[in-house]
Structure formats: structure tokens, C-alpha cells
Amino acid sequence: IFFMIGALRRMKESVEKTYTGDLKQGKVVGTQLNERTVGIIGYGHIGQVVAKLLQPFGPKIIIYTHKTTTPKLLGKNIEYETDIKAFFRRVDIITLHCPLTPETEYLINEEHLQLMPKGSIIINTARGKIVETEAMLNELDNGHIAFYATDVYEHEGRVFHHQFQTLNEIEDELFKRLIQ
């Protein structure tokens, strides 16, 4: 949820502007979670906890499931979708909480990313191979995907040097300054 709020409130830009002394009222304007539709892929224990924690923020929540039985829904504003293409068209934030299986490997790929609205957000704290890295980098570069947060990589151990890593560098610098 922190990643979602940080992306929506444009935390990276705010921190950068604070460092340069350029943070003026209204210069960096973000959006609220209650203005968004969050898609959750993986509705086991963690996915259910995420849905429960999101509810006070007021977004519409859509659960993707390929199962024929309806998952247990926790609260209002939660729906489920069994059609993967319809799911990607309906959500502008996706958070991944599913295992890596033959069905989920490269589920986040170029075709599916392009179905999402421009400016969408993807958060992957599940497994690296659920997201096709090159497709994500392309969609970040062309501006279709606004923000990607991950703590796992398609090829574990591979070093990435891309724009979505700069937030970690900013956070590290901020932490260093706070403890001095």
C-alpha cells in the first residue's frame, strides 16, 4: 500500500523538488486512492489482507481469479473478474500476490500492459518472472506505465540500472541525512 500511495502522491518528485528547493504549493499534485481501481492478482491470505487494508482508502477493488468458484470477498467495493483481458482494461493499479506457476509466468506482458489505461501503476512483491522485464521497461520508457515498484526480479541477481531504481537512491540519501 505504501508503494501505491507513494506513486499516487508523486513522492519521488516531491523529494527531488525538496532537495533542490523547488517545492512550491501546488507544483506537485497527486491523486487519491479513492479515485482509482486497484486490481489484486493472487487472493490468498496476503491478497485478502491487502484488500482489507485498502478498504478505508476507498478504491474500487477487482480481484482476478481464473478459478470457476467465486473467492470469498471481504467488504464492499470488491468485485472479481475471471477474464484476464477485461481485468487489465478495468484496473489502473495492479498489485501482485500470486505464486509463480505456468499460468502466472509472464502474466504481466506487453499485450496486457497495453490494455491498461495510460499512467497505470504496477506493484510486484510476489515473484520476478510474473513480470516480463523488457515489456515493463518499454512501457515505462514510453510513458504508458507511470510507476513500477518491485522487490523481485525476473532474473534474480541481475543488476538493473533504470529510472525505477532512482527512488531507492533518493530514499537512501534522505535516510543518510536524517541520521546525521
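User: How many salt bridges does a search of the whole structure find?
Analyst: The model is a predicted one, and the pairs counted here are side-chain nitrogens of Lys or Arg within 4 Å of a carboxyl oxygen of Asp or Glu. Side chains of opposite charge can pair when their charged atoms come close. Searched as a whole, the structure holds salt bridges to the number of five.

User: How many residues apart in sequence are the parts that the salt bridge of R36 and D92 ties together?
Analyst: The side chains of R36 and D92 meet with an N to O distance of 3.5 Å, and both residues are buried. R36 lies in the loop between helix 2 (11–20) and strand 1 (37–41), whereas D92 lies in the loop between helix 4 and strand 4, so this pair ties together parts whose separation in sequence is 56 residues.

User: Which elements hold E79 and R90, and how far apart are the closest N and O atoms of their salt bridge?
Analyst: E79 belongs to strand 3 (residues 78–81) and R90 to helix 4, so the pair ties together parts that are eleven residues apart in sequence. E79 is partly exposed because its relative accessibility is 30%, which falls between the limits for buried and exposed. R90, also with a relative accessible area of 30%, is partly exposed as well. In the salt bridge of E79 with R90, the closest N and O atoms are separated by 2.3 Å.

User: Is E81, the partner of R90 in a salt bridge, buried or exposed?
Analyst: The side chains of E81 and R90 meet at 2.9 Å, N to O. The relative accessible area of E81 is 13%, and a residue under 20% counts as buried, so the term that applies to E81 is buried.

User: Which residues do salt bridges that share partners join into one network?
Analyst: R90 forms a salt bridge with E79, and the side chain of R90 also meets that of E81 in a salt bridge. Taken with the further member K60, the network joined through shared partners consists of K60, E79, E81 and R90.

User: How many aromatic pairs does the structure hold, and which residues do the ring pairs link into a cluster?
Analyst: The structure holds two aromatic pairs. In one of them, the rings of Y64 and F87 have their centres 5.7 Å apart and their planes at 55 degrees, so this pair is tilted. F87 and F88 form an edge-to-face pair, with 5.7 Å from centre to centre and 85 degrees between the planes. The cluster linked by these ring pairs is made up of Y64, F87 and F88.

User: What is the relative accessible area of F87, whose ring pairs with that of Y64?
Analyst: Y64 lies in strand 2 and F87 in helix 4 (residues 84–90), so their pair ties together parts that are 23 residues apart in sequence. Y64 and F87 are both buried, and F88 counts as buried because its relative accessibility is 0%. For F87, which is buried, the relative accessible area is 0%.

User: Why do the buried residues of helix 3 line one face of the helix, and within what arc do they fall?
Analyst: The buried residues in helix 3 are G47, V50, A51 and L54. Seen down the helix axis, the buried residues line one face because of the narrow range of directions into which they fall, an arc of 100 degrees. On the other side of helix 3, the exposed residues are H45 and K52.User: Where is G58 found, and what distance separates its C-alpha atom from that of N34?
Analyst: G58 is found in the loop between helix 3 (45–54) and strand 2 (60–64). With a relative accessible area of 30%, G58 is partly exposed. G58 and N34 are 24 residues apart along the chain, and their C-alpha atoms are separated by 4.4 Å.

User: What value is phi of Y106 near?
Analyst: Most residues other than glycine have a negative phi. Y106 lies in the loop between strand 4 (93–96) and helix 5 (110–115), and is partly exposed, with a relative accessible area of 25%. Phi of Y106 is positive in a residue other than glycine, with a value near 55 degrees.

User: How many helices and strands are there in the protein chain, and in what order do the elements run?
Analyst: The protein chain has seven helices and six strands. From the N terminus on, the order of these elements is α-α-β-α-β-β-α-β-α-β-α-β-α.

How values were computed: Residues are numbered from 1 along each chain as its sequence is written. This is a predicted model: local features need pLDDT of at least 70, side-chain atom pairs count only at pLDDT 80 or more; totals for chains, interfaces and linings use all residues. Side-chain values use heavy atoms; hydrogens and water are left out. Helices (H or I, at least four residues) and strands (E, at least two) are DSSP runs, numbered from the N terminus. Buried means under 20% relative accessible area, exposed over 50%, partly exposed in between (1.4 Å probe, protein chains only). The arc is that of the directions from the helix axis to the C-beta atoms. Rings of Phe, Tyr and Trp (its six-membered ring) pair if their centres lie within 6.5 Å; planes under 30 degrees apart count as stacked, over 60 as edge-to-face and the rest as tilted.
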